[in-house]
Amino acid sequence: MKKIKAVRQQIFYMKDFLLTCNKHSVHFWDLAGPRRYLLTEKHVYSLADFVEIAQGKMQTFLQSIAEKLIIHIKGCDLCLAKGFICEFCDNQ
């Protein structure tokens with residue numbers, strides 16, 4: 001559960017970059033399908049989410065979302081210019 005919480009927090013911070021980006025190479029809202037709360041809220045879970053956590057599917061799903069966001073942010077000049085210190089890990 002700690003890893004899932006960490007990835008949710010990472011996604012939560014990265015969403016700020018994409019919501020203000022003019023070059024959405026990633027269609028942000030489509031990443032989670034009908035479960036948009038996974039992208040915008042750090043602490044909201046459905047019962048189905050807890051079932052997926054127990055089955056080991058949720059971590060894989062969230063990591064795939066985070067990887068897509070990271071690829072966009074690292075490859076987008078606009079997103080790179082918005083921040084110089086990672087709010088998640090305090091790294092430059």
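Start with the whole chain on screen: of the protein's 92 residues, 29% count as buried. Keep in mind that you're looking at a predicted model. While everything is still selected, colour by surface: the protein exposes about 6,000 Å², and carbon and sulfur atoms supply 57% of that area.

Now switch to cartoon view. You should find 5 helices and 0 strands, so to speak a plain α-α-α-α-α pattern as you read along the sequence. Contacts are worth a look too: among those with a separation of 6 or more, 71% link residues 24 or more positions apart.

Next, head inside. Select I4, I11, F28, L39, L62, I65 and L69. These belong to the largest nonpolar core, which has 21 residues, and they touch the most other members of it. Which elements give two or more residues to this core? They are α1, α2 (37–40) and α4 (57–75). Highlight α4 in particular, since the largest share of the core, 6 residues, comes from there.

Stay with the core and click on I65. Leaving aside neighbours within four places in sequence, what is I65 in contact with? Show I11, L31, A32 and L39, and you have the answer.

Finally, go back out to the surface and pick M1. This residue sits in the segment before α1 (2–19). Is M1 buried or exposed? M1 counts as exposed because its relative accessibility is 53%, and the cut-off for exposed is over 50%. Add L47 and F50 to your selection: together with M1 they form a nonpolar patch on the surface, with about 360 Å² of accessible area between them.

Methods
Residues are numbered from 1 along each chain as its sequence is written. This is a predicted model: local features need pLDDT of at least 70, side-chain atom pairs count only at pLDDT 80 or more; totals for chains, interfaces and linings use all residues. Side-chain values use heavy atoms; hydrogens and water are left out. Patches are made of residues with over 30% relative accessible area and no salt bridge: like charges are joined within 9 Å, nonpolar side chains (Val, Leu, Ile, Met, Phe, Trp, Tyr) within 5 Å. Accessible areas come from the Shrake-Rupley method with a 1.4 Å probe; for residues, only the protein chains shown count as cover. A salt bridge is a side-chain nitrogen of Lys or Arg within 4 Å of a carboxyl oxygen of Asp or Glu. Helices (H or I, at least four residues) and strands (E, at least two) are DSSP runs, numbered from the N terminus. Buried means under 20% relative accessible area, exposed over 50%, partly exposed in between (1.4 Å probe, protein chains only). A nonpolar core is a set of buried Ala, Val, Leu, Ile, Met, Phe, Trp, Tyr and Cys residues joined through side-chain atoms within 4.5 Å. Contact means heavy atoms within 4.5 Å.
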